[in-house]
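Please look at the sequence and the 3D structure shown here, and then follow the report below, which considers some strands and afterwards a helix.

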Amino acid sequence: MLEFRQVRKAYATPQGPLPVLRGVDMSLGRGESLALMGESGSGKSTLLHLAAGLDLPDDGEVRLAGQAISSLGEPARARLRRDTLGLVFQQFHLVPSLNVADNLRLQARLAGRERPDWSTYLLQRLGLAGLETRYPEQLSGGQQQRLAIGRALAPRPSLLLADEPTGNLDETTADAVLALLRELVSEADSALLVVTHSPRVAAPLDRCLRLTHGRLGPATLTEPAK
Ligand SMILES: Nc1ncnc2c1ncn2[C@@H]1O[C@H](COP(=O)(O)OP(=O)(O)OP(=O)(O)O)[C@@H](O)[C@H]1O
């Protein structure tokens with residue numbers, strides 16, 4: 001579903017190139033879940049952007065749904081994103097002028113894959129049933145986060161990329177939302193890649209990897225000392 005082969009990425013800075021990824025290898029198959037951990041600034045968002053084809057590697061190869069993203073132009077990459085991916089970013093990017101029901105259906109409509117029964121099911125499971133005609137500003141932060149998750153899952157993407165998907169929730173709500181997210185992803189037979197700082201979020205996933213000095217290695221899931 002997603003494959004990185006010896007991926008390198010550096011940013012140009014006034015002090016010269018800043019290498020962030022220095023030969024990253026990984027693969028994620030359909031139905032698998034993976035937590036990506038690492039310190040602030042270690043390159044997790046960079047990796048996520050490359051996985052989504054929002055940026056291109058300097059060297060090496062990123063393959064999404066069997067296609068080498070560097071071989072595609074931006075319109076083809078946008079189509080591949082639309083047809084393959086669900087994205088949940090830290091900012092929810094809900095459309096303020098659309099109500100809950102229309103926000104939830106938006107991605108699925110754009111992808112031409114709207115399934116009303118699945119949308120209704122998602123609204124129920126995410127605790128948003130009854131709120132369909134509200135607008136995002138009339139929702140709590142947790143409800144907005146659940147709506148963003150529902151919108152990403154509505155087209156039944158092959159791969160869901162999530163950046164701290166429960167970052168704004170208290171621990172109990174976060175546990176519940178995460179369990180639900182994993183369940184819904186598995187019902188849609190999607191792959192799941194979650195960027196997180198939290199061992200609590202990472203632990204239930206199939207695999208956990210940590211980015212250190214530009215490379216991926218196994219993550220140890222001990223809670224940081226307080
Ligand atoms: N466009 C850019 N130009 C220059 N440097 C950048 C750019 N984007 C990111 N960086 C630098 O690259 C490194 C990796 O950034 P990235 O955002 O991928 O880290 P991260 O692991 O996601 O961090 P966080 O956990 O704080 O979100 C950081 O040192 C950052 O300052």
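Strand β1 (residues 2-13) is joined by 5 bridges to strand β4 (residues 59-64), and the two run antiparallel; helices (H or I, at least four residues) and strands (E, at least two) are DSSP runs, numbered from the N terminus. Within this pairing, Glu 3 stands opposite Arg 63 in β4. The model is a predicted one, in which local features need pLDDT of at least 70 and side-chain atom pairs count only at pLDDT 80 or more, while totals for chains, interfaces and linings use all residues. Residues are numbered from 1 along each chain as its sequence is written.

An open sheet is formed by 4 strands in the order β2-β1-β4-β5, with antiparallel pairing, where two strands pair if DSSP finds at least two bridges between them. Its edge strands, β2 (16-28) and β5 (67-68), each pair on one side only.

Helix α6 (residues 171-187) has 17 residues and should span 24 Å at 1.5 Å a residue (the expected span is 1.5 Å times one less than the number of residues), which agrees with the 24 Å between its end C-alpha atoms. The table lists residues of α6 by burial, a residue being buried if 20 or more other C-beta atoms lie within 10 Å of its own, exposed if 12 or fewer, and partly exposed in between, with C-beta atoms placed from the backbone.

| State | Residues of α6 |
|---|---|
| Buried | Ala 174, Val 177, Leu 178, Leu 181, Leu 184, Val 185 |
| Exposed, on the other side | Thr 172, Ala 179, Glu 183, Ser 186 |

Just after α6, Asp 189 takes a positive phi of about 55 degrees.
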